[in-house]
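Reader: I should like to learn how the features of a two-chain model are read, one by one, with the general idea stated before the particular case.

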Amino acid sequence: MRTLTKLTWVEIKLFIREPMVVVFTLALPIIFLFVMGGVFGNTPNPEVYRGVGAMNYYMPSYYGLVMMAIGTVALPLHLAGYRERGILRRLRASSFSIWTVLGSQLLVSAIIAILGSLLVTVLGLATYSPDLPENIPQLIGAFFLGVACFTSFGFFLGAVLPSTRAAQGIGLILFFVMMILGGAGPPPEVMSNVMGFIGDITPLRYVILTLQNAWLPGPDFDWYTSASLITVGITVVSALLAAKFFRWE
Amino acid sequence: MTSIISVQNLRKTYGKTVAVADISFEVAQGEIFGFLGPNGAGKTTTVECLQALRDPDSGKISVIGLDPLRQAQELRRRIGSQLQESALPDRIKVWEALDLFASVTDKISDWHPLLEQWGLAEKRKSSFAALSGGQKQRLFIALSLVNNPEVVFLDEMTTGLDPAARRVAWDLIRAVRDSGTTVVLVTHFMDEAENLCDRVAIVDKGKIVASDSPQGLIASYATGVRVLFSTDKPDLAFLEKVSGVKNVTRRGDRVEVEGSGPLLALVAAALVEHGIVPPDLRVEQPSLEDVFLKVTGRAVVD
């Protein structure tokens with residue numbers, strides 16, 4: 001337990017010291033928040049954004065964006081780099097278990113996701129006056145489900161991608177595809193069928209739908225059972241694959 | 001002797017390459033035991049099996065009474081490891097690494113003295129990436145000791161250290177041994193094995209070809225002594241009759257007398273008797289290097 005606490009604290013400091021992951025996880029969602037808020041404001045239009053104001057749509061989406069950046073950019077890069085450079089080997093030789101190593105990453109992911117989402121919340125509320133979340137307990141549930149999903153997905157990528165270069169390349173492609181088509185970019189209603197289909201097969205789509213339905217008011221936005229079940233499914237499958245393919249060296 | 005490590009018929013292959021053919025040995029509690037051999041001899045594979053970092057194909061291993069196959073985690077917690085190939089995150093600071101690795105043990109472990117001993121005090125707030133090769137190496141040795149291990153494995157620990165730092169490292173490792181920790185050392189440096197180890201196993205092609213104290217090895221395998229001096233006197237035939245002398249060779253003024261026993265004293269006496277008083281008279285004792293040449297048939301190649 002003491003080892004897990006120590007490793008988690010060190011890993012949080014290492015996360016903050018790594019400019020690339022800070023840009024993707026903490027800075028980019030805020031930049032998008034200001035750009036999209038500046039362009040679209042928060043006036044509802046029945047044609048797009050599920051019929052709600054753009055900012056009401058994007059606030060929970062950017063929570064998902066933070067989590068997704070952790071799962072596609074931060075974790076795969078971190079784990080593949082640790083393995084490639086012999087850091088995992090060093091940790092293992094000193095009796096750090098797989099549960100300590102991955103457990104610390106899960107905790108760091110949750111803490112960074114909370115930090116990033118708080119930033120989005122404070123800056124969003126201060127500038128474009130979106131509505132406050134409708135159902136806080138549901139939102140907290142959806143939040144941790146999303147964190148679990150993308151941490152698990154990141155473990156999977158970190159386990160199967162053989163090198164830092166591969167993690168960087170594949171991770172960035174997944175990041176941009178998911179961001180643009182998965183629900184944190186242009187409204188899904190304006191996309192072509194192919195774009196919509198690709199968006200529908202990204203984990204981000206279901207994480208965002210679950211978050212949005214917890215946030216948005218009204219009978220149209222109850223807890224999104226099917227989206228949340230798909231999210232659980234992605235979490236479980238990713239975790240199993242990660243466990244199967246994880247290598248110390 | 002109480003064995004803290006016992007290995008019987010260890011074997012490890014990678015595909016068709018036999019890394020360790022058949023190795024058996026015992027290490028006594030509180031000694032510095034060295035594996036000496038050329039690269040690729042199987043030294044590292046052997047100690048990695050002992051540290052539960054590799055699974056052997058066959059053989060029995062017991063380290064501090066634990067089986068590396070079944071009790072890997074407890075074993076790793078109680079031993080120290082300095083690995084040949086490993087790294088730390090670039091941006092971790094020296095003190096953070098020591099503090100982190102100290103947390104694996106329940107024993108009281110204060111890492112601050114290690115900072116001083118291994119010359120890292122001024123670098124405590126530097127990040128790993130900013131350290132020189134020698135500083136990184138010293139940090140890895142310090143990390144291997146930070147959990148107060150019962151046995152510490154050091155794989156090529158002085159690689160990257162300058163000559164002065166090597167001597168300091170040897171003294172510190174002797175102090176570690178004197179405090180009760182058993183040390184298992186892997187090296188391809190003859191002087192390191194000879195100076196530091198209580199016992200040495202010479203490994204070649206996956207097997208131990210000789211094993212004893214450095215002095216014992218020299219006594220059994222390399223008995224010859226060489227006496228060297230310079231003189232311009234042409235007639236040295238009298239030296240052939242000196243007791244113990246086997247061979248006298250001459251290149252210009254340089255003379256080399258090979259033999260055994262108290263050769264220096266006898267040769268010196270004979271020279272003085274014949275009015276030759278060379279200012280550079282000296283003796284070369286056989287070293288582990290001569291043993292190594294004899295048992296493996298070749299010199300260590302880096």
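The dialogue below takes up the chains, their contact, the helices, the cores and some loop residues.

Reader: What should I know about the numbering and the kind of model before I begin?

Author: This is a predicted model, in which local features need pLDDT of at least 70 and side-chain atom pairs count only at pLDDT 80 or more, while totals for chains, interfaces and linings use all residues. Residues are numbered from 1 along each chain as its sequence is written, and chains are lettered from A and ligands numbered from 1 in the order in which they are written.

Reader: How is chain B divided into domains?

Author: Domain bounds come from an automatic or database domain assignment. In chain B that assignment gives domain 1, residues 3-220, and domain 2, residues 224-285, and the C-alpha centres of domain 1 of chain B and domain 2 of chain B are 43 Å apart. Along its principal axes, the C-alpha trace of chain B spans about 70 × 45 × 35 Å.

Reader: How many helices and strands does chain B have, and what share of its residues is buried?

Author: Helices (H or I, at least four residues) and strands (E, at least two) are DSSP runs, numbered from the N terminus; chain B has 10 helices and 13 strands. A residue counts as buried if 20 or more other C-beta atoms, placed from the backbone, lie within 10 Å of its own, as exposed if 12 or fewer do, and as partly exposed in between. By that rule, 39% of the 302 residues in chain B are buried.

Reader: How many residues does each chain bring to the contact between chain A and chain B?

Author: Two residues are in contact if their C-beta atoms, placed from the backbone, lie within 7 Å. The contact between the chains takes 18 residues from chain A and 20 residues from chain B. On the side of chain A that touches chain B, α1 (2-16) and α4 (87-93) of chain A each supply at least two residues, and the largest share, 6 residues, comes from α1(A). For the composition, Ala, Val, Leu, Ile, Met, Phe, Trp, Tyr, Cys and Pro count as nonpolar, Asp, Glu, Lys and Arg as charged, and the others, Gly among them, as polar; this side of chain A then divides into 6 nonpolar, 5 polar and 7 charged residues.

Reader: Why does the length of α3(A) agree with what is expected of a helix?

Author: The expected span of a helix is 1.5 Å times one less than its number of residues. Helix α3 of chain A (residues 54-85) has 32 residues and should therefore span 46 Å, which agrees with the 44 Å between its end C-alpha atoms. The bend at a residue is the angle between axes fitted to the seven residues ending there and the seven starting there, and α3(A) has a kink of about 35 degrees centred on A:I70. Of the 32 residues of α3(A), 30 are buried, and just after this helix A:G86 takes a positive phi of about 90 degrees.

Reader: Where does the kink in α2(A) lie, and which helices do the buried residues of α2(A) pack against?

Author: The kink, of about 40 degrees, lies at A:A27, shortly before the proline A:P29. Among the buried residues of α2(A) are A:F24, A:L28 and A:L33, and the buried residues of this helix pack against α1, α3, α5 (98-128) and α7 (164-181) of chain A. Just after α2(A), A:G41 has a positive phi of about 60 degrees.

Reader: Which residues have the most contacts inside the largest nonpolar core?

Author: A nonpolar core is a set of buried Ala, Val, Leu, Ile, Met, Phe, Trp, Tyr and Cys residues joined through C-beta atoms within 7 Å. The largest has 143 residues, and those with the most contacts inside it are A:A69, B:L98 and B:A142. The largest share of this core, 20 residues, comes from α3(A). Another core lies apart from it, with 9 residues, including B:V227 and B:F229.

Reader: Where is A:R50 placed, and is A:R50 buried or partly exposed?

Author: A:R50 is in the loop between α2 (19-40) and α3 of chain A, and has a positive phi of about 55 degrees although it is not a glycine. A:R50 is partly exposed, because 18 other C-beta atoms lie within 10 Å.
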